[in-house]
Amino acid sequence: MKFVIQRVSNASVRVEDKVIGRIGKGFLILLGVSASDSEEIADKMVNKMIRLRIFEDENDKTNLSIRDVGGELLIISQFTLYADCKKGNRPSFINAGKPEDANRLYEYVIRKCREEIAIVEHGEFGAHMEVSLVNYGPFTVVLDSDEIIK
């Protein structure tokens, strides 16, 4: 599982010219699910993300988590995070989870996040989406379960 976490001052997602999710200060998370992911992996990823201290404290040091600042989440499913570009010029997505499994884990992550964070918005799995954000910093972190869980 991969999370591309962007610290934002605001973000939104549109489907067919309609805003379906919008947040203020918090994280925009692009979430990729691989064929080998599970709920156990998702739990560990969510716990790590929620505890990341990447918001500034009163001394401008990154010591505060999303919970500490009352931040919000916008979670977008993005299978292209598992693009394999090793051969040729057209990416292969063989390492991405099957849509039914990926959607189940995407929904699971959303539910787990709602247990911890008051405002959790999300995109629409499998839809063509337009994502807008103001990356605050900029500050972007990539969490990869292959690196975090081992």
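Colleague: Which residue of strand 8 stands opposite K2?

Modeller: D144 stands opposite K2. This is a predicted model. The pairing of strand 1 and strand 8 (residues 130-144) is antiparallel and runs over 11 bridges.

Colleague: What makes strand 1 and strand 8 a pair?

Modeller: Two strands need at least two bridges between them to pair. Strand 1 and strand 8 have 11 bridges, so the criterion is met.

Colleague: How many bridges join strand 1 to strand 3, and in which sense do they run?

Modeller: Seven bridges link strand 1 with strand 3 (residues 26-32). The two run antiparallel. V8 has G26 of strand 3 as its bridge partner.

Colleague: And strand 2: how many bridges join it to strand 1?

Modeller: Five bridges, again with an antiparallel run, connect strand 1 and strand 2 (residues 18-23). V15 faces K18 in strand 2.

Colleague: Why is strand 1 called largely enclosed?

Modeller: Strand 1 covers residues 2-15, and 10 of its 14 residues are buried. It is therefore largely enclosed by the rest of the structure.

Colleague: Take S12, which lies in strand 1. Why does S12 count as buried?

Modeller: The cut-off for buried is under 20% relative accessible area. S12 has 12%, so it counts as buried.

Colleague: What does S12 touch, beyond residues up to four places away in sequence?

Modeller: With those residues not counted, S12 touches V19, G21, R22, L74, E130, V131 and S132.

Colleague: Now the turn. How many residues lie between strand 1 and strand 2 in their hairpin?

Modeller: There are two residues between the strands. In this hairpin E16 takes a positive phi near 50°. D17 lies in the loop between strand 1 and strand 2, and its phi is near 65°.

Colleague: Why is a positive phi worth noting?

Modeller: Most residues other than glycine have a negative phi. D17 is not a glycine, and its phi is positive.

Colleague: Where is D60, and what is its phi?

Modeller: D60 sits in the loop between strand 4 (55-56) and strand 5 (62-64). It has a positive phi of about 60° although it is not a glycine.

Colleague: What makes D17 and D60 exposed?

Modeller: Exposed means over 50%. D17 is at 63% relative accessibility, so it counts as exposed. D60 has a relative accessible area of 63%, so it is exposed.

Colleague: How do you know that the bond between G137 and P138 is cis?

Modeller: Its omega is about -10°, and the bond is a cis peptide bond. Most peptide bonds are trans. P138 is placed in strand 8.

Colleague: On to the helices. Why are helix 1 and helix 2 called oblique?

Modeller: The axes of helix 1 (residues 39-51) and helix 2 (residues 99-116) cross at roughly 40°. Roughly parallel is under 35 degrees, and roughly perpendicular starts at 65. The crossing fits neither class, so the helices are oblique to each other.

Colleague: How else is that packing described: what is the distance between the axes, and what is the hand of the crossing?

Modeller: The axes come within 10 Å. Helix 1 passes helix 2 in a right-handed crossing.

Colleague: Which residues meet there?

Modeller: Helix 1 brings E39, A42, D43, V46, M49 and I50. Helix 2 brings R104, L105, Y108, V109, K112, C113 and E116. By class, the contact has eight nonpolar residues, no polar ones and five charged.

Colleague: S34 lies in the loop between strand 3 and helix 1. Is it buried or exposed?

Modeller: The relative accessible area of S34 is 10%. The limit for buried is under 20%, so S34 is buried. Leaving out residues up to four places away in sequence, S34 touches M1, Y82, N95, A96 and G97.

Colleague: What makes A118 exposed?

Modeller: A118 has a relative accessible area of 82%. Over 50% is exposed, so A118 qualifies. A118 is in the loop between helix 2 and strand 7 (120-122). A118 and G70 are 48 residues apart along the chain, with their C-alpha atoms separated by 8.0 Å.

Colleague: And G88: what is its relative accessible area, and where is it found?

Modeller: G88 is found in the loop between strand 6 (72-77) and helix 2. Its relative accessible area is 61%, so it is exposed. G88 and V131 are 43 residues apart in sequence, and 28 Å apart from C-alpha to C-alpha.

Methods
Residues numbered from 1 in each chain as written. Predicted model: local features only at pLDDT ≥ 70, side-chain atom pairs only at ≥ 80, totals over all residues. Heavy atoms only, no water. Axes fitted to C-alpha atoms, helices over the stretch in contact; angles between N-to-C directions. Helix = DSSP H or I, 4+ residues; strand = E, 2+ residues; numbered from the N terminus. Parallel < 35°, antiparallel > 145°, perpendicular 65-115°, else oblique. Left-handed = near helix turned anticlockwise from the far one by under 90°. Contact = heavy atoms within 4.5 Å. Nonpolar A, V, L, I, M, F, W, Y, C, P; charged D, E, K, R; others polar. Buried < 20%, exposed > 50% of the residue type's maximum accessible area, 1.4 Å probe, protein only.
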